[in-house]
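Me: Hey, can you walk me through how the helices pack in this one? I'm new to this, so plain words please.

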Amino acid sequence: MASLSLTPSNIFMVLGFLLSLYACVSNDVIQTLGTFLSSTKDRPVWQIWLFTSTVLLVTFVAGWIINDGDMAFGLLDRVPHPETFYWWHILPPLILLYLTKKGIPVATSFLIISIFSSTTVIGLMVAKSFLGYVTALVVSLILYFFIARSVEKIFLYMKNKPVSKGWVVAKWLSTAILWSAWLLQDGSKIFVYLPRKLDFWQMVASLAVFVALLFIICYKRGGEIQNIIKLKTNTQDIRSATIIDIVYACILIYFLNLNNIPMSTTWVFLGVLAGREIALYNRLRFITEKKVYKYILKDFTKAVIGLAVSILVVLIINYFDKICFFVRNYFSL
């Protein structure tokens, strides 16, 4: 990064930022760009990249100006920046990259932010994330219960027919709003490795890297984790995807203004999908009940596994010295 000396601590800090940036975006792309990538698969990669990059730059540059250099929008106020970085600080994003490769929707906020947080903040993050899942599930369940037959049923019957330009515009606008809302919420885990206040050149350098990595994500069309979206009912339809984006964006904006505790947006996203699938099944009976709850349970189980792994990794790293001391004493007996 700009204006940083090449000390071991700074090298680990920058490396941690680069790894966490790629790992977080790779894992969480299903939440914000997943339906967009699925519904615009016929569009050239450069168009998708230019659009998403523009929204990204506008969001973070405006935030940098408004918040006096704070790229996390206040969500890291309770998370101190380490005075010195060590090799174990880059373990969480490395583990996250592996889990993403396996298609597991990890709660990236826990895995990345918790290593810098106190147990009190971690507990608040878990509580807020669980509340986010329940809230998203209930809101989505109620909404889709009422619009399943009047709206989604029509989309299902028309999925092979041309989509009007109005829906195409609506999809791009909803994606811009959702992508920006996600960046506002998850800027905390992306920039947690960097100083809480960035100067101009640090901001430029970090965003340049972000934009470059975003091209890789757009080129891969989401990667392995994208399968979570593809398995859900009619999510590749632009109209259905637009409604999902709007619901998810509204919930993210609500929790962003609730307090300055970071949360897992993955859990909120899975709650939206779960509520939607349950409502569509009960109103339309499009597939068997067994298959519906199998998908929901599978997603929830993966999220719980991701949470468990995240907390385990954080505990091992935070208590590494004590664990080594215990092991040495045990084998010396």
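**Helix packing and the core**

Reply: Sure. Helix H7 (residues 165-190) and helix H10 (residues 238-256) have axes that come within 8 Å and cross at roughly 25°. Keep in mind that this is a predicted model.

Me: Are H7 and H10 roughly parallel or roughly antiparallel, and why?

Reply: Angles under 35 degrees count as roughly parallel, so with a crossing of roughly 25° H7 and H10 are roughly parallel to each other.

Me: And which way is the crossing, left-handed or right-handed?

Reply: H7 passes H10 in a left-handed crossing.

Me: Which residues make the contact?

Reply: On the H7 side they include Trp167, Leu178, Trp182 and Gln185. On the H10 side, Arg239, Asp245, Tyr248 and Phe255 are among them.

Me: What's the mix by class there?

Reply: The contact of H7 with H10 has 17 nonpolar, four polar and three charged residues.

Me: OK, new pair. How do H3 and H8 cross?

Reply: Helix H3 (residues 45-66) and helix H8 (residues 200-220) have axes that come within 9 Å and cross at roughly 155°. Over 145 degrees counts as roughly antiparallel, so H3 is roughly antiparallel to H8. H3 passes H8 in a right-handed crossing.

Me: Who meets whom in that one?

Reply: From H3 you get, among them, Trp49, Leu56, Phe60 and Trp64. They meet residues of H8 including Phe200, Leu207, Phe210 and Tyr219.

Me: How many charged residues are in that contact?

Reply: There are no charged residues in the contact of H3 with H8, which has 17 nonpolar and two polar ones.

Me: Back to Phe60 for a sec. What does Phe60 touch?

Reply: Leaving out residues up to four places away in sequence, Phe60 touches Met71, Phe73, Leu183, Gly187, Phe191, Leu207 and Phe210.

Me: Which residues touch the most other members of the largest nonpolar core?

Reply: Phe60 is one of them, along with Leu56, Met71, Trp179, Phe191, Phe210 and Tyr248. That core has 84 residues, and its largest share, twelve residues, comes from helix H11 (residues 265-284).

Me: Last one: where is Phe130?

Reply: Phe130 sits in helix H6 (residues 119-157). Its relative accessible area is 49%, and exposed means over 50%, so Phe130 counts as partly exposed.

Me: What's the gap between Phe130 and Trp267?

Reply: Their C-alpha atoms are separated by 7.1 Å, although Phe130 and Trp267 are 137 residues apart along the chain.

Methods
Residues are numbered from 1 along each chain as its sequence is written. This is a predicted model: local features need pLDDT of at least 70, side-chain atom pairs count only at pLDDT 80 or more; totals for chains, interfaces and linings use all residues. Side-chain values use heavy atoms; hydrogens and water are left out. Axes are lines fitted to C-alpha atoms, for helices over the stretch in contact, and angles run from 0 to 180 degrees between N-to-C directions. Helices (H or I, at least four residues) and strands (E, at least two) are DSSP runs, numbered from the N terminus. Angles under 35 degrees count as roughly parallel, over 145 as roughly antiparallel, 65 to 115 as roughly perpendicular and the rest as oblique. A crossing is left-handed if the near helix is turned anticlockwise from the far one by less than a right angle, and right-handed if clockwise. Contact means heavy atoms within 4.5 Å. Ala, Val, Leu, Ile, Met, Phe, Trp, Tyr, Cys and Pro count as nonpolar, Asp, Glu, Lys and Arg as charged, and the others, Gly among them, as polar. Buried means under 20% relative accessible area, exposed over 50%, partly exposed in between (1.4 Å probe, protein chains only). A nonpolar core is a set of buried Ala, Val, Leu, Ile, Met, Phe, Trp, Tyr and Cys residues joined through side-chain atoms within 4.5 Å.
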